[in-house]
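Visitor: Could you take me through one part of this structure at close range? I would like to see how the helices and the sheet meet.

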Amino acid sequence: AALREGYEHFDPRAYLRNNYLPPRADFSSEEFVVPWKLRCLAETFASGEIRGRTLIDVGSGPTIYQLLSACDHFEEIVATDYLAVNREELGRWARGEPGAFDWSPFIQHVCKIEGRGEPWQDKERRLRERLRRILPIDVHRPEPLGAPLRPPADALLSAFCLEAVSPDRAAFVRALAHVGNLLRPGGHALLLGALGESFYLAGPARLPVVPLEESDVREALAAAGFALRELRSYAMPPALRTGVDDVDGVFFAHAQK
């Protein structure tokens, strides 16, 4: 209930400013956090192993960067978020409305690291075409969408969601198991998340986070019925510790149900 109340004050634009504009969204070096996240996703999807009809993005927030490498490998992408303000922000971008957040630097960077010489506008158009549904979700329910996803997703992606909406590690494990119900057996799960973070700011909202270590991520995935394929971590450099959170680092996990 306390988490729910806190998120009533969540400001999507403040969250985007804090995390997806410079200094954190600096593409001048692969050493910065946003290029690191994009490279993890690009390299994992480049294997060609993770593909199918449907990918579900759990807790999309107001962001689409996490879907840029995924959109080439799925017929449909389903974005989800608990907050209507985030779903509205995503809808503005998907419809190409004036005033939507400008993700073009992210799209250009992903096209560059994927190395296919593709015009970035083509990738933008393809993601908009494949982002067909933006649904409400509650990861604390056994059926997070209120009903089973039919057919189940071939892959699941979730970035900076589960640890930020769970009051403790046990709730984090339960939420991970709940979202696993949306995935077919053998399906792939890709997670990006915070390490050692206890809070973050989004405008007037100061939101608690479960501080995780790499060992917590490994144990939670196993407890929720996933086999870990890969785990990478990134240490947040002092220049990117801007006071909008107390994050120590970021993890990227590839697991399979």
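Guide: Happily; here is a walk from the sheet to a pair of helices. This is a predicted model, where local features need pLDDT of at least 70, side-chain atom pairs count only at pLDDT 80 or more, and totals for chains, interfaces and linings use all residues. Residues are numbered from 1 along each chain as its sequence is written, and side-chain values use heavy atoms, with hydrogens and water left out.

The sheet is open, with seven strands in the order 3-2-1-4-5-9-8 and mixed pairing (two strands pair if DSSP finds at least two bridges between them; strands are DSSP runs of E, at least two residues, and helices runs of H or I, at least four, numbered from the N terminus). Strand 3 (131-136) and strand 8 (227-235) are the edges, each with a single partner strand, so one side of each has no neighbour in the sheet. Strand 1 (residues 52-58) runs parallel to strand 2 (residues 74-81), joined by five bridges, and D57 stands opposite A79 in strand 2.

Helix 7 packs on this sheet, touching strand 1, strand 4 (153-159) and strand 5 (183-195), where contact means heavy atoms within 4.5 Å. Helix 8 lies across strand 5, strand 8 and strand 9 (249-256).

The two helices also meet each other: helix 7 (residues 169-180) and helix 8 (residues 214-223) pack at about 45 degrees, their axes 8 Å apart (axes are lines fitted to C-alpha atoms, for helices over the stretch in contact, and angles run from 0 to 180 degrees between N-to-C directions). R169, F172, V173 and L176 of helix 7 make the contact with D216, A220, L221 and A223 of helix 8.
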